[in-house]
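Biologist: Please take a close look at the cavities in this model, at one of them in particular, and then at what surrounds it.

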Amino acid sequence: MHALWMVLAAFFFASMGVCIKAASPYFSPAEMVFYRGLIGMIMMYFLARHQCMSLKTRYPGMHAWRSLIGVTSLGAWFYAIAHLPLATAMTLNYMSSVWVAVFLVGAALWTWRPSAATPKPPLQGSLVATIIVGFAGVILMLRPNFNQDQAFAGMLGLMSGMAAAFAYMQVVALSRIGEPETRTVFYFAAGSALAGGAAMLATGISPWAGWNTLWLIPIGVLASIAQLCLTKAYAQARTSRETLVVANLQYSGIIFGAISGMVFFGDKIPMLGWLGMFLIIASGIAATILRSRSAPDAPSEER
């Protein structure tokens, strides 16, 4: 069942991407971030009540920083979905595991100080190879789809994955000091609503879009359901091997996104694009396996 819950989570995240792309001609990324956060905050509040959990926290600063980088990732991802093929935007956001690998290698080299007592840390060839394969996949995936209009969206898509990696590392820190995931997701949703609302005041509110306004509702609902399925998947994984299987099944969201993009939006993915997608999935799985060895109790990634 833990594997099924993760596949369901990936499906709902991809479905959220479909709704974002459908709503993007009528609403700005700021508006979609606002409604995604508002609806998610309401659903997490009732979930916390059901769990008899207090939402009061002793670490407001850590939640604020996690929300800031999480909202940055979310806004960049929503913009990329609006301006790139759905599969491309989904895949760039799922680069977060590869970015974590980049940070691990960079941190090891940055903190090393030359001395006889502290030899130079190994470059961890498998981790470096994972990073190279991941970025080779990015080049292959963006090259056949890239044009001048999509250059900025592509950079934001990459940034969304990098910011998601920072957010994940902050979620790890919150988990290790005992913060429940429901509380962490609630404050992230609250931060999304606050930041999206502030951006809406600065950029303006889109005109009434009639029935198309209804696309805003499933964005928040599907994101919250996906998060609950993801939490359930990790909760039911009893062993480290099952946890690793669950973590790797998240990449099925890329396949769901690719199929949805072709069916609903007529996206065409050339052979180089499929190859790039495969390389990114493979590098993400490898990075997840390598990361699990150093942080076996790390919490789930969020979107």
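Modeller: The answer starts with the overall fold, turns to the cavity, and then moves out to other parts.

The model is predicted, so local features need pLDDT of at least 70 and side-chain atom pairs pLDDT 80 or more, while totals for chains, interfaces and linings use all residues. Residues are numbered from 1 along each chain as its sequence is written, and side-chain values use heavy atoms, without hydrogens or water.

The protein has 12 helices and 0 strands (DSSP runs: H or I of at least four residues for a helix, E of at least two for a strand). Its pattern along the sequence is accordingly α-α-α-α-α-α-α-α-α-α-α-α. Of its 303 residues, 50% are buried (under 20% relative accessible area; exposed is over 50%, partly exposed in between, with a 1.4 Å probe and protein chains only). Among contacts (heavy atoms within 4.5 Å) between residues at least 6 apart in sequence, 90% join residues at least 24 apart.

Now the cavity. Searching the whole structure gives 4 cavities of 30 Å³ or more (sets of points on a 1 Å grid where a 1.4 Å probe fits but cannot get out). The second largest has a volume of about 60 Å³, counted as the space filled by probe spheres on the points. Helices α2 (29-50), α8 (181-203) and α9 (216-236) each give two or more residues to its lining. That lining has 10 residues, and Arg-36, Val-185, Ala-223, Ser-224 and Gln-227 are the ones nearest the centre of the cavity (a lining residue has an atom within 4 Å of a point). By class, 5 lining residues are nonpolar, 3 polar and 2 charged (Ala, Val, Leu, Ile, Met, Phe, Trp, Tyr, Cys and Pro are nonpolar; Asp, Glu, Lys and Arg are charged; the others are polar).

Ala-223 leads on to the packing. Leaving aside neighbours within four places in sequence, Met-16 is in contact with Ala-223, and also with Trp-77, Phe-78, Ile-219 and Leu-222. Met-16 is one of the residues with the most contacts inside the largest nonpolar core, along with Met-32, Trp-77, Phe-78, Ile-219 and Met-277 (a core is a set of buried Ala, Val, Leu, Ile, Met, Phe, Trp, Tyr and Cys residues joined through side-chain atoms within 4.5 Å). This core has 59 residues, and its largest share, 10 residues, comes from helix α1 (residues 2-23). A separate core of 6 residues includes Met-44, Ala-48, Leu-55 and Phe-186.

Helix α8, which helps line the cavity, also contains Thr-203. Thr-203 is exposed, at 60% relative accessible area. Its C-alpha lies 8.9 Å from that of Ser-28, although the two residues are 175 apart in sequence.

The loop between α7 (151-176) and α8 holds Ile-177, which is partly exposed at 33%. Beyond its neighbours within four places in sequence, Ile-177 is in contact with Tyr-59 and Met-62. Ile-177 and Tyr-59 are 118 residues apart along the chain, with their C-alpha atoms separated by 9.4 Å.

The whole structure has 1 salt bridge (a side-chain nitrogen of Lys or Arg within 4 Å of a carboxyl oxygen of Asp or Glu). Arg-183 forms it with Glu-179, and the closest N and O atoms are 2.7 Å apart. Arg-183 is buried at 12%, and Glu-179 is buried at 8%.

Methods: On a 1 Å grid over the protein atoms alone, a cavity is a set of points where a 1.4 Å probe fits but cannot get out, and a pocket is an open set with protein on both sides within 12 Å along at least five of seven lines; lining residues have an atom within 4 Å of a point.
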